[in-house]
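Please open the model in a viewer and keep the selection panel at hand. The stops below proceed from one selection to the next.

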Amino acid sequence: MSDENGHKSQVIGQFTQQAESYARLTGSMAGGEGQAVFSVLVQARPGDVVLDVCCGPGTMALDMAPYVAHVTGLDLTPAMLDQARAAQVKRGVDNVAWREGDVYALPFADGAFSLVMSTAAFHHMTNPRAAFAELVRVCRPGGRIALRDVTPEADKSAAYDRMEILRDPSHTHALTRAEMAALGEGLPVGAPALHASVAADLPLEAILAASFPEACSIAELRAMFHEDARSGEDRLGFKARLIGEEIRVSYRQTTAIWVKQ
Ligand SMILES: C[S@@+](CC[C@H](N)C(=O)[O-])C[C@H]1O[C@@H](n2cnc3c(N)ncnc32)[C@H](O)[C@@H]1O
C-alpha cells in the first residue's frame, strides 16, 4: 500500500470510530456564532452553489444551507456521511446533498461551484498544496475558496503536531497562518483575506471522548494535558488551563478566503 493510500485508510479508520462522538461535539456548536461569522466572512449569497470539502458530519454544510442556493458536502469517510444524512433529516434541510470522495480527485467539473470551503480538515492532508489546487480547480472564476483550520503559532507547531498525532494518528501537520496564506502561490487566485480567531474554549474531556489514540491510552493523554496545564507554559500548544477540576483547551484558528481569477 502506498503511503498515500495508507494514510487514507488511517483517516477512514479514525473517522469511522470518531463519527458519532465528533458529530455530537460539532453538533453542539450548530448554528453558533463561529458558524454565523464564517457565513458572513465568506459573503455567502442566495445564488451560491457551494462545495464543502471534508464535510464530516455536515455541521458547517447544514449551517451554510439557509444562506445559499445549494450545498454539496463531500467526505472520504462513509460513517461521517451517515451522520451528516441523519443531521440533515433532524434539521429538515432540503438543499444539501452528500457525496463520498477524495479531496485529491474531486468528482466535479472545473468551475462547478461559486464557493468552495473546507473547515477543520487540512491538518489531515499529506499534500495540502495538491488538495488546495483541487479546491481552486472546481471553483468558478470570480468565486471564493475558504479554508478554516487550527493554525498554531510557529514556535508551538512541532509540539502541537506531536500531541495531535498521539491523540489522532490521522493528523499530519497543522499549517501555521503563513503556511496557510502561501497555499495559493502559483495558482489562479488573488492574495487571501486572513481572519484570526480562537475556536471555542472546550473541555478536554469532550475532546478525549472523541479520541481513539493508538500509541498511548486516554489516561496517558489526560495526564499529559494535566501536567501542561499545571506548568502554565503551554508546551503542547493547546492553551490547556486548569479551571477548578476541569482542563479546558482552545485552538488558534485562521479563516483564509481567496477569490479565483
Ligand atoms: C476533523 S473532520 C472535520 C469535519 C468538518 N469539516 C468540520 O468542520 O467539523 C475531518 C474530515 O476530513 C475528512 N477527510 C480527511 N481526508 C480526506 C480526504 N483525502 N478526502 C476527503 N475527506 C477527507 C475526514 O473523513 C473527516 O470527516
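In which helix is the place of K8? K8 sits in helix 1, residues 3–27; helices (H or I, at least four residues) and strands (E, at least two) are DSSP runs, numbered from the N terminus. The model is predicted: local features need pLDDT of at least 70, side-chain atom pairs count only at pLDDT 80 or more, and totals for chains, interfaces and linings use all residues. Residues are numbered from 1 along each chain as its sequence is written, and side-chain values use heavy atoms, with hydrogens and water left out.

**Stop one: K8.** Select K8, which counts as buried because its relative accessible area is 18%; buried means under 20% relative accessible area, exposed over 50%, and partly exposed in between (1.4 Å probe, protein chains only). Next, add L76, D102 and Y104, which K8 touches when residues up to four places away in sequence are not counted. Contact here means heavy atoms within 4.5 Å.

**Stop two: helix 6.** Select residues 157–167, which make up helix 6. The buried residues of this helix are S157, A159, Y160, D161, M163, E164 and R167. Display strand 5 (139–150), helix 8 (204–208) and helix 9 (218–231) as well, since what covers those buried residues includes these three elements.

**Stop three: aromatic pairs.** How many aromatic pairs does a search of the whole structure find? The search finds six. Rings of Phe, Tyr and Trp (its six-membered ring) pair if their centres lie within 6.5 Å; planes under 30 degrees apart count as stacked, over 60 as edge-to-face and the rest as tilted. Select F108 and F113: the ring centres are 5.0 Å apart and the planes stand at 90°, so this pair is edge-to-face. F108 is buried at 14% relative accessible area, and F113 is buried at 5%.

Move on to F238 and Y251, an edge-to-face pair with 5.7 Å centre to centre and 70° between the planes. F238 lies in the loop between helix 9 and strand 8 (241–243), and Y251 in the loop between strand 9 (246–249) and strand 10 (252–259), so the pair ties together parts 13 residues apart in sequence. Both F238 and Y251 are buried. Add Y160 and F225 to display one aromatic cluster formed with F238 and Y251.

**Stop four: cysteines.** The structure holds zero disulfides, a disulfide being a pair of cysteine sulfur atoms within 2.5 Å. Select C55, whose sulfur is 8.1 Å from the closest cysteine sulfur, in C54, too far for a bond. C55 is buried, with a relative accessible area of 7%. Finally, select C139: the nearest cysteine sulfur, that of C54, is 16 Å away, and C139 is buried at 0% relative accessible area.
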